[in-house]
Amino acid sequence: MSVGHIGVTDPVVSCDDDCGIRDVLDRIGDKWSVLVVVELAAGVRRFKELQRSVDGISQRMLTLTVRRLERDGLVTRTVHPTVPPQVEYELTELGHSLTHLVRALADWSLAHRPRIEAARRAWDARVSS
């Protein structure tokens, strides 16, 4: 039976538009957002420090990511009046409240990476046969 068959199974989320859950999960589940949050959990970082520490992120993608995190109230951006301007990013209280969840996800990913890779290889071998 499907989840939508309400005579047997209650819906997982009972309000319109998933109560905003999907929107929040899209942000915190985003590859770059998670990596930026992990890095900022260690403390305040300048833009270039963030860029160097988040392997593979482009300047444009980092800019978009920190803007989105700032908009969501997870990160603050401080511009110091120097020449050139020095910009620092840090997690807000809300952002810090997310770090234990993100770290748990990162730890789980590292711990299970070999099993996931093995499962992918097995699946790929089955599908390509």
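Two strands count as paired if DSSP finds at least two bridges between them. I wrote this down before looking at the sheet. I also noted that the model is predicted.

**Entry: the sheet**

I looked up how the strands are arranged. They form an open sheet of 3 strands in the order 1-3-2, and the pairing is antiparallel. I then checked which strands lie at the edges. Strand 1 (45-46) and strand 2 (75-80) are the edge strands, and each pairs on one side only.

I went on to the contact between strand 1 and strand 3. How many bridges join strand 1 to strand 3? I found 2 bridges there, with the two strands running antiparallel. The pair counts because the cut-off is at least two bridges. I also looked for the partner of R46, and R46 stands opposite E88 in strand 3.

**Entry: the whole chain**

I listed the elements next. The protein has 5 helices and 3 strands. Along the sequence I read the pattern α-α-β-α-α-β-β-α.

I then looked up some totals. The protein has 129 residues, and buried ones make up 22% of them. The protein exposes about 9,500 Å², of which carbon and sulfur atoms supply 54%. For contacts between residues at least 6 apart in sequence, I noted that 43% join residues at least 24 apart.

**Entry: the core**

I turned to the largest nonpolar core, which holds 19 residues. Which of its residues touch the most other members? I noted V36, L40, L50, L62, V75 and Y89. I then asked where the core residues come from. Helix 2 (31-40), helix 3 (47-53), helix 4 (59-71), strand 3 (86-91) and helix 5 each give two or more residues to this core. Helix 2 gives the most, with 5 residues.

I picked V36 for a further look. Leaving out residues up to four places away in sequence, V36 touches L50, V54, L62, T65, V66 and L69.

**Entry: a surface patch**

I looked for nonpolar side chains on the surface. L105, W108 and I116 form a nonpolar patch there, and together they have about 290 Å² of accessible area. I followed up on W108, which lies in helix 5 (residues 93-128).

Is W108 buried, partly exposed or exposed? Its relative accessible area is 46%, so I entered W108 as partly exposed. The reasoning needs two cut-offs: buried means under 20% and exposed means over 50%, so a value in between is partly exposed. Patch members need over 30% relative accessible area, and W108 has 46%.

Definitions and conventions. Residues numbered from 1 in each chain as written. Predicted model: local features only at pLDDT ≥ 70, side-chain atom pairs only at ≥ 80, totals over all residues. Heavy atoms only, no water. Patch = residues over 30% accessible without salt bridge, like charges linked within 9 Å, V, L, I, M, F, W, Y side chains within 5 Å. Areas by Shrake-Rupley, 256 points an atom, 1.4 Å probe, with all protein chains shown as cover. Salt bridge = Lys/Arg side-chain N within 4 Å of Asp/Glu carboxyl O. Helix = DSSP H or I, 4+ residues; strand = E, 2+ residues; numbered from the N terminus. Buried < 20%, exposed > 50% of the residue type's maximum accessible area, 1.4 Å probe, protein only. Core = buried A, V, L, I, M, F, W, Y, C linked by side-chain atoms within 4.5 Å. Contact = heavy atoms within 4.5 Å.
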